[in-house]
Amino acid sequence: MLRAKELTVQATAILAQLAESGGTPESHIYIQLGMNLQDYGLIRNVLQGCGFIRITGNFVSLTESGQKAGGEINAKLSK
């Protein structure tokens, strides 16, 4: 099980990536981050519960608030 700091790092990486790509299949997320399905499921549930992502079929995209958060993360990382 992920610790809070690891969850935060992974969630931040997912938001930043989705802000750049516009969306991706779920499998691409957990494979690229080297996660197991249990950990990915936890992060997915947190991001959905916060209203940052939407999942249609197996495709993950950002909500308006997720796009804002992902954009802010990418802006900070590019400085």
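This briefing describes the nonpolar core, helix H4 and the aromatic pairing of the structure above. The model is predicted, so local features require pLDDT of at least 70 and side-chain atom pairs pLDDT 80 or more, while totals for chains, interfaces and linings use all residues. Residues are numbered from 1 along each chain as its sequence is written, and side-chain values use heavy atoms, without hydrogens and water.

**Nonpolar core**
- The largest nonpolar core (buried Ala, Val, Leu, Ile, Met, Phe, Trp, Tyr and Cys residues joined through side-chain atoms within 4.5 Å) has 18 residues.
- Buried denotes under 20% relative accessible area, exposed over 50%, and partly exposed in between, with a 1.4 Å probe and protein chains only.
- Helix H1 (4-21), helix H3 (37-49), strand S3 (59-62) and helix H4 (64-77) each supply at least two core residues; helices (H or I, at least four residues) and strands (E, at least two) are DSSP runs numbered from the N terminus.
- H1 gives the largest share of this core, seven residues.
- Ile-43 and Leu-47 have the most contacts inside the core, contact meaning heavy atoms within 4.5 Å.

**Helix H4**
- The buried residues of H4 are Gly-66, Ala-69, Gly-70, Ile-73 and Asn-74, and they pack against H1 and S3.
- The face turned away from this buried side carries the exposed residues Glu-64, Lys-68 and Lys-76.

**Aromatic pair**
- The structure holds one aromatic pair (ring centres of Phe, Tyr or Trp, the last by its six-membered ring, within 6.5 Å; planes under 30 degrees apart are stacked, over 60 edge-to-face, the rest tilted).
- Tyr-30 and Tyr-40 form this tilted pair, 5.5 Å centre to centre with 50° between the planes.
- Tyr-30 is partly exposed at 22% relative accessible area, whereas Tyr-40 is buried at 4%.
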